[in-house]
Amino acid sequence: MSAYHTTASVPMITDADAGVGFKHAHAEAVFGDDHAVRWFEVHPENYMGAGGMPHRLLTDLRERFGLSLHGVGLSIGGEGRLDADHLARLVALNERYAPDLFSEHLAWSSHDESYLNDLLPLPYTPQTVAKVADHIDEVQSALGRTILLENPSTYVVFEQSEMSETDFLREIVRRTGCGLLLDVNNVFVSATNHGTSAQAYLDAFPTASVGEIHLAGHASVTLSDGAPLLIDAHDRAVADPVWDLYENLIARIGPRPTLVEWDNDVPAFDVLAGEVARAQAVLDTQSPLLGRRHVA
Amino acid sequence: MSLDVTSSGGEREGQGAFAHALRAPDAPVPHGIARANGADPTEAFNIYRNNVVASLADALQAAFPITAQMLGDGLSRALTADFARAHPPRSPVLGGYGAGFPRYLANHEATKSRPFLAEMALLERLYLDSYHAADAAALDGATLAALDPETLSAGRLVLHPATRLVRFRFPIAEMHAIEQAAMRGEDVGAARSALDLRRGSQALITRPAYQVSVNGISPGASAFLKACEAGDSFADAAQAGFEAEPAFDLQTTLSDALSLGAFSHFSPLSTPS
């Protein structure tokens, strides 16, 4: 990722850094307060207007902190063609802001002419591997960089799936050379929903390709048959079992850039900074040279 | 098979069937969708149904905050969800979503008794357009004052990319200011009851730098600025202002509009509109 920075003065995200999603409501605290958060992530879809405050804030953010663009609208898992206009907008933002990290989702969100505004699941088959790999090739070639692909939260399964999600992702990495964004909360949510083991999923995950980790809070409902169903709500603190999975993961694979997502019922910035500090403390245990940076 | 356009969804496959079922609350869960434990997948599938509609309704309520407040929680929720089902966005850039929402409100039975709500929604849509519009330096008064009268008369004032002009049947700019104050927790009871709903209004929405402002303007000022927007010469625009309002105050209108940053530059040669 350092290839995208030619001057040492531009902040960069390193493996040992924890960050958080940027909210405009937090701008005053992010730019004005003394805090230990080193990088921020934004959804590029929120910065696709011609000008105004969003670009002003993103420019300031890029100057002072590490930056990650995390797309939610490209529909990489879609059956149809990628939206060429949307890809062009992503290319423009990537060139303008030179983010340290660029990620998208293993999911689809558009069909025909409609944008569905959710990250929808796909079956895991040889045909969908080929389609997703083609889309990622197209995106990486347009951007001129590799991207990170995020594992989804899912609420249902497909009878037609022929391979596990981890095997699917491993094959995508092999074909495209992309990296992976490992969302540990998504792992926990999906494992709970499908009655499988989150730890076994992480053990099977191609961790050598992980370029970023996500942590987030989830909601829980009980279905009428009594089974629990977790929802990837991003509306509260990271749950303890997710922290446990994360700590074990970092101890095993070493530090990776880690982001806390909190997108609904967003609290004051210092609450987010507290979640970031907790992730930073976990990273610092595996980064002896940087351990002194431990946040207060 | 793809020729089937009936509402049954029975002939659809793959993501077409999934997308159709998302928007049809009573449609069966698409074939091949399951729960890992073999249980009925309907409730789990409904999480996706709810995510799609609720997230779009949330986006609309965030884009039209004052309209939503005036509708009240229940009606706002119901109407934005209904709009989201009937008119899903065509782009993942949701900053532009909801252009049709003012018209939807204007035609909806539930808001018939409060026709000003559709106009408030239009104002909020224009506010967002202004918020996201291209950056440009604003024309300053000194530049204009340095022009000789003939050059000024023959040339034209070019509106800033973030400037929007709109005429309303109701006093929407005032209402917007009052409801913004209400959102901040101020007591607006007296201001609300003093508002004369029979009065039309004109608004100038613009953004000299990054903060959008909504300004009520006189009929003359509105006609003057609309003429500038249409590409009329300064002299013709001024004439339009006087025709719209005999008491039109050109000097004050100009100085107010300049201080709000309504113009980007002065173009010396008039071009036909």
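Which residue of β7(A) does A:Ser103 stand opposite? The tour below reaches the answer by way of chain A as a whole.

This is a predicted model, in which local features need pLDDT of at least 70 and side-chain atom pairs count only at pLDDT 80 or more, while totals for chains, interfaces and linings use all residues. Residues are numbered from 1 along each chain as its sequence is written, and chains are lettered from A and ligands numbered from 1 in the order in which they are written.

**Chain A as a whole**

Select chain A, which has nine helices and 13 strands; helices (H or I, at least four residues) and strands (E, at least two) are DSSP runs, numbered from the N terminus. Its C-alpha atoms fill a box of roughly 50 × 40 × 35 Å along the principal axes. The radius of gyration of chain A is 18 Å, which agrees with the value near 19 Å for a compact globule of 296 residues; the radius is taken over C-alpha atoms, and the globule rule is 2.2 Å times the number of residues to the power 0.38. Buried residues account for 48% of the 296 in chain A. A residue is buried if 20 or more other C-beta atoms, placed from the backbone, lie within 10 Å of its own, exposed if 12 or fewer, and partly exposed in between.

**The barrel**

Next, select β1, β2, β3, β4, β7, β9, β10 and β13 of chain A: in that order they form a closed barrel of eight strands with parallel pairing. The twist from one strand to the next averages 30°. Within the barrel, β4(A), residues 101–105, pairs with β7(A) in the parallel sense over three bridges; pairing requires that DSSP finds at least two bridges between two strands. Here the opening question is settled: A:Ser103 stands opposite A:Leu148.

Now add helix α9(A), residues 269–285, which lies across β1(A), β10(A) and β13(A) and runs at about 150° to β1(A). Such angles run from 0 to 180 degrees between N-to-C directions, with axes fitted to C-alpha atoms, for helices over the stretch in contact.

**A buried proline**

Move to A:Pro152, in the loop between β7(A) and β8(A). A:Pro152 is buried, with 21 other C-beta atoms within 10 Å. Leaving aside neighbours within four places in sequence, its contacts include A:His105, A:Leu119 and A:Asn186; two residues are in contact if their C-beta atoms, placed from the backbone, lie within 7 Å.

**Where the chains meet**

Show both chains: 38 residues of chain A are in contact with 38 residues of chain B. On the side of chain A that touches chain B, the largest share, six residues, comes from β6(A).

**Two helices of chain B**

Select α4(B), residues 73–86. Its buried residues are B:Leu79, B:Thr80, B:Phe83 and B:Ala84. They cover an arc of only 135° around the axis, which puts them on the same side of α4(B); the arc is that of the directions from the helix axis to the C-beta atoms. An α-helix has 3.6 residues a turn, so residues three or four places apart point the same way. These buried residues pack against α2, α3 and α5 of chain B, whereas B:Gly74 and B:Ala86, on the other side of α4(B), are exposed.

Finally, select α6(B), residues 116–132. Of its 17 residues 14 are buried, so α6(B) is largely enclosed by the rest of the structure.

How values were computed
Expected span 1.5 Å × (residues − 1).
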